[in-house]
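Student: I should like to request a close look at one part of this model: the backbone at its less common angles, and what lies around it. Please give one connected account.

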Amino acid sequence: MALRRCHLNPKKTLFLLCDIQEKFRPAMPLFDNMIKNVDKLTRAGKALDVPLIVTEHYPEKLGKTVAQLDVSHAKLVSGKTLFSMFTPEVKAVIKDIFNDKPEDVVLYGLESHICVEQTAIDLLEQNINVYIVADCCSSRLNQDRDLALDRLRQAGCVITTSESVIFDLVRDKNNPKFDVVRKLVNQPSVDMELTRNGSGVPAGSAKL
């Protein structure tokens with residue numbers, strides 16, 4: 001069954017922030033860049049009243065969500081041992097928020113090829129549209145991230161960026177939240193050295 005493609009609607013969209021924890025910082029390339037993009041996206045979601053769920057993988061050992069990210073508005077911050085975010089606790093909160101399920105999920109975090117990928121597949125199996133925010137995702141190896149994005153595109157996810165998500169949620173300069181969001185997007189997102197289709201060639205690079 002093909003998923004319906006449409007503009008994002010704040011009332012029918014869920015943000016899922018996956019396992020962006022302090023212990024991962026030393027192992028992740030471009031971690032600080034990712035955090036800046038994640039902060040912008042998460043703050044925009046808060047301004048636009050998009051519900052947020054946050055998971056932390058085995059937080060007893062891997063720590064809490066990084067302090068730079070304000071997730072105080074999250075409907076749930078949940079520890080997990082499953083790689084997928086789609087745990088019984090998360091399912092229950094999703095059902096409570098939407099009285100069933102969202103039309104669209106905006107998914108971001110780490111690691112792209114493990115927890116993000118498994119979460120996305122679980123959501124697709126529920127006929128939920130999944131938007132993977134590429135400039136808000138990371139893995140210990142960039143090639144793992146990029147190949148995961150390619151696999152998820154083939155599986156039916158929309159591969160997008162933080163600013164694309166934000167402006168699609170806003171839709172109109174006359175949106176009453178536009179002035180708040182405009183301050184967040186005044187500075188461009190930080191480059192995450194994404195490649196094209198897993199080719200290993202950075203976007204914007206010339207081939208010899």
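Tutor: A residue counts as buried when its relative accessible area is under 20%, as exposed over 50%, and as partly exposed in between (1.4 Å probe, protein chains only). The model is predicted: local features need pLDDT of at least 70 and side-chain atom pairs count only at pLDDT 80 or more, while totals for chains, interfaces and linings use all residues. Residues are numbered from 1 along each chain as its sequence is written, and side-chain values use heavy atoms, with hydrogens and water left out.

Most residues other than glycine have a negative phi, and most peptide bonds are trans. Glutamate 193 is not a glycine, yet its phi is positive, about 55 degrees. Glutamate 193 belongs to the segment after α7; helices (H or I, at least four residues) and strands (E, at least two) are DSSP runs numbered from the N terminus. Because its relative accessibility is 42%, glutamate 193 counts as partly exposed.

Aspartate 49, also not a glycine, has a positive phi of about 60 degrees. Aspartate 49 sits in the loop between α1 and β2 (52-57), and its 57% relative accessibility makes it exposed.

Aspartate 49 also leads to the largest pocket, whose volume is about 310 Å³. Seventeen residues line this pocket, and the closest to its centre are Pro10, Leu48, Asp49, Val50 and Pro51. Two elements, α1 (31-47) and α3 (88-98), give two or more residues to the lining. A pocket is an open set of points on a 1 Å grid over the protein atoms alone, where a 1.4 Å probe fits, with protein on both sides within 12 Å along at least five of seven lines; lining residues have an atom within 4 Å of a point. Its volume is the space filled by probe spheres set on points joined across faces, edges and corners.

The peptide bond between leucine 110 and glutamate 111 is cis, with omega about -10 degrees. Glutamate 111 lies in the loop between β4 (104-110) and α4. Helix α4 (residues 112-125) and helix α5 (residues 142-155) have axes that come within 10 Å and cross at roughly 10 degrees; axes are lines fitted to C-alpha atoms over the stretch in contact, and angles run from 0 to 180 degrees between N-to-C directions. Therefore α4 and α5 are roughly parallel to each other, a term for angles under 35 degrees. Their contact (heavy atoms within 4.5 Å) includes Ser112 and His113 of α4 and Asp144 and Arg145 of α5.

Conventions: Angles under 35 degrees count as roughly parallel, over 145 as roughly antiparallel, 65 to 115 as roughly perpendicular and the rest as oblique.
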